[in-house]
Amino acid sequence: MEKLVISGGTPLHGTIPISGAKNAALPLMCTCLLTEDKVTLENLPRLADITTLTDLLNHLGVTVTIEGGRGGMLTGRSLTFDAHTINDTVAPYDIVRKMRASILVLGPLVARMGEATVSLPGGCAIGNRPIDLHLKALEALGAKIEMEQGYVRATAAGGLKGGRVRFPFVSVGATENILMAAALAKGTTTIENAAREPEIVDLAKCLNAMGARITGAGHETITVEGVEKLHGCTHAVMPDRIEAGSYAVAALMTRGDLLLEGAKADDMQATLDTLTEAGGIVSVEDGSVRVKANGHVQGFNVVTQPFPGFATDMQAQFMALACVADGASVITEAIFENRFMHVSELTRLGANITVKGSTATVRGTQKLKGAPVMATDLRASMGLALAGLVAAGETTVNRLYHLDRGYERLEEKLKAVGARIERMPG
Ligand code: UD1
């Protein structure tokens with residue numbers, strides 16, 4: 001298993017190009033299941049999760065063509081997905097277990113094929129993460145849901161019918177699944193208490209380019225007028241606001257100055273506001289965001305919330321920042337019940353963190369010291385890598401495969417702005 005070896009203490013200066021967003025790319029790839037035509041996605045990041053979903057789509061009968069790139073692990077920036085013929089409607093356990101987002105094939109498959117069987121994704125490190133909201137929403141559109149041997153089977157013999165879906169709380173994935181399903185349902189669907197994340201807006205934009213009739217994406221209520229057929233399109237994946245936010249934290253933590261090329265400030269306002277509260281200087285420059293340090297970092301308080309609130313996917317990185325701030329910070333995780341696994345690893349680097357329920361109190365110190373640490377999930381890994389960038393001496397982040405799920409060319413991008421970081425065999 002590969003690992004990252006980081007020698008801390010260098011301020012980062014320069015430009016980091018921001019990749020296409022993983023969390024936008026995954027649902028966008030599933031849109032191809034809704035049409036017999038080709039869907040081309042530009043600006044797709046080169047990530048393990050994209051490969052996993054490509055494998056699943058291949059299994060269902062989708063042909064994927066790389067439109068450029070250097071070969072290897074799907075390095076192409078532009079891929080074409082051709083789901084002209086779907087020859088299997090079962091998403092098997094072997095692929096689904098690798099990535100929870102595989103559940104996103106359920107809505108589009110049942111909408112187009114009238115049936116779909118997807119392995120239950122099971123538990124995951126950051127919490128229980130059930131899929132009940134996805135299933136209830138599909139039932140509201142007339143799907144029959146059955147559970148058999150660890151699989152969920154959805155059927156809609158006469159096709160899905162538009163209906164009213166009201167989510168009891170916000171779910172990004174469930175909103176995406178139902179948005180795709182409703183696009184091909186007969187009649188009108190309203191989705192209330194929908195997720196408002198920028199990735200939802202990007203998905204609706206792509207679906208509308210395919211001929212869907214969706215209004216209200218980005219707001220609490222989304223209306224979808226179902227159409228009989230969707231056609232192909234070419235769509236560019238939005239920039240990754242979590243990747244950009246992670247490097248923004250790196251700029252402040254290392255007391256550096258980074259231009260995040262292509263980052264969209266509107267998509268990451270809560271992150272930028274918290275960076276400003278912590279003492280960073282944030283400016284928007286010609287379609288990019290620049291973050292630089294102002295000499296010191298001060299403590300801050302955050303509570304994770306659905307968009308436009310502070311993103312749970314930025315929590316671990318900001319906890320790393322809090323570890324080196326002046327004074328105390330209070331960080332509350334309100335989305336996932338078990339997303340503090342990085343705490344014990346940060347403590348190994350010398351951090352002072354007390355956790356009570358879903359709230360962590362971090363007392364900053366200037367003296368983190370390098371040590372071997374174990375990554376537990378994607379964003380936790382980034383939090384540990386950030387801590388390694390400022391810790392004295394050498395930090396080894398083991399289980400690099402977590403980072404490869406969500407950060408494209410991480411060590412290459414960080415090296416280019418001055419970090420001393422190497423990928424090593426385990
Ligand atoms: C997506 C993101 C993930 C991010 C999360 C929250 C992708 C691929 N992943 O995950 O990076 O951390 O949004 O912003 O886009 N829940 C239920 N029942 C359901 C669905 C969700 O109880 O049927 C709960 C979850 O356990 C969690 C909360 O709802 O506590 C929010 O989860 P959700 O927004 O669905 O997250 P994902 O779509 O899985």
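## The ligand shell and the two domains

Among the elements around the ligand, α5 contributes the most to the shell, with three residues. The model described here is predicted. Both α5 (132-140) and α6 (172-183) provide at least two residues each to this shell.

In total, 18 residues surround the ligand. Asp132, Leu133, Ser171, Asp313 and Ile335 are the closest of them. Sorted by class, the shell consists of eight nonpolar, five polar and five charged residues.

Some contacts join oxygen atoms of the ligand to polar atoms of the protein. The table lists three residues that take part in such contacts.

| Residue | Protein atom | Distance to a ligand oxygen atom |
|---|---|---|
| Pro130 | polar backbone atom | 3.2 Å |
| Ser171 | polar side-chain atom | 2.6 Å |
| Val172 | backbone N or O atom | 2.7 Å |

The ligand on its own exposes 750 Å², and the protein buries 86% of that area.

The position of the ligand can also be described in terms of domains. The chain is divided into domain 1, which comprises 2-19 + 239-425, and domain 2, which comprises 22-236. Where does the ligand lie with respect to domain 1 and domain 2? The ligand lies between them, because both domains give residues to the shell around it.

The two domains also meet each other directly. The centres of domain 1 and domain 2, taken over C-alpha atoms, are 30 Å apart. In domain 1, 23 residues are in contact with 21 residues of domain 2. The accessible area lost when parts come together is often used to give the size of an interface. For domain 1 and domain 2, the area buried between them is about 1,900 Å², and 51% of it is on carbon and sulfur atoms. Phe307, Arg405 and Glu408 together supply 31% of the area that domain 1 buries against domain 2, which is more than any other three residues.

Phe307 is also part of a notable piece of backbone. The peptide bond that leads from Phe307 to Pro308 is cis, and its omega is near 10 degrees. Pro308 is located in the loop between β18 (301-303) and α10 (315-323).

A further backbone feature concerns Asn43. What is the sign of phi at Asn43? Although Asn43 is not a glycine, its phi is positive, at about 65 degrees. Asn43 belongs to the loop that runs between β3 (38-42) and α2 (48-60).

Key
Residues are numbered from 1 along each chain as its sequence is written. This is a predicted model: local features need pLDDT of at least 70, side-chain atom pairs count only at pLDDT 80 or more; totals for chains, interfaces and linings use all residues. Side-chain values use heavy atoms; hydrogens and water are left out. A residue is near a molecule or strand if one of its heavy atoms lies within 4 Å of it. A polar contact is a pair of N or O atoms within 3.5 Å; within protein, one must be able to donate a hydrogen and the other to accept it, and residues adjacent in sequence count only if both atoms are side-chain atoms. Accessible areas come from the Shrake-Rupley method with a 1.4 Å probe; for residues, only the protein chains shown count as cover. Helices (H or I, at least four residues) and strands (E, at least two) are DSSP runs, numbered from the N terminus. Ala, Val, Leu, Ile, Met, Phe, Trp, Tyr, Cys and Pro count as nonpolar, Asp, Glu, Lys and Arg as charged, and the others, Gly among them, as polar. Domain bounds come from an automatic or database domain assignment. Contact means heavy atoms within 4.5 Å. Buried area is the accessible area (1.4 Å probe) that two parts lose on being put together, summed over both.
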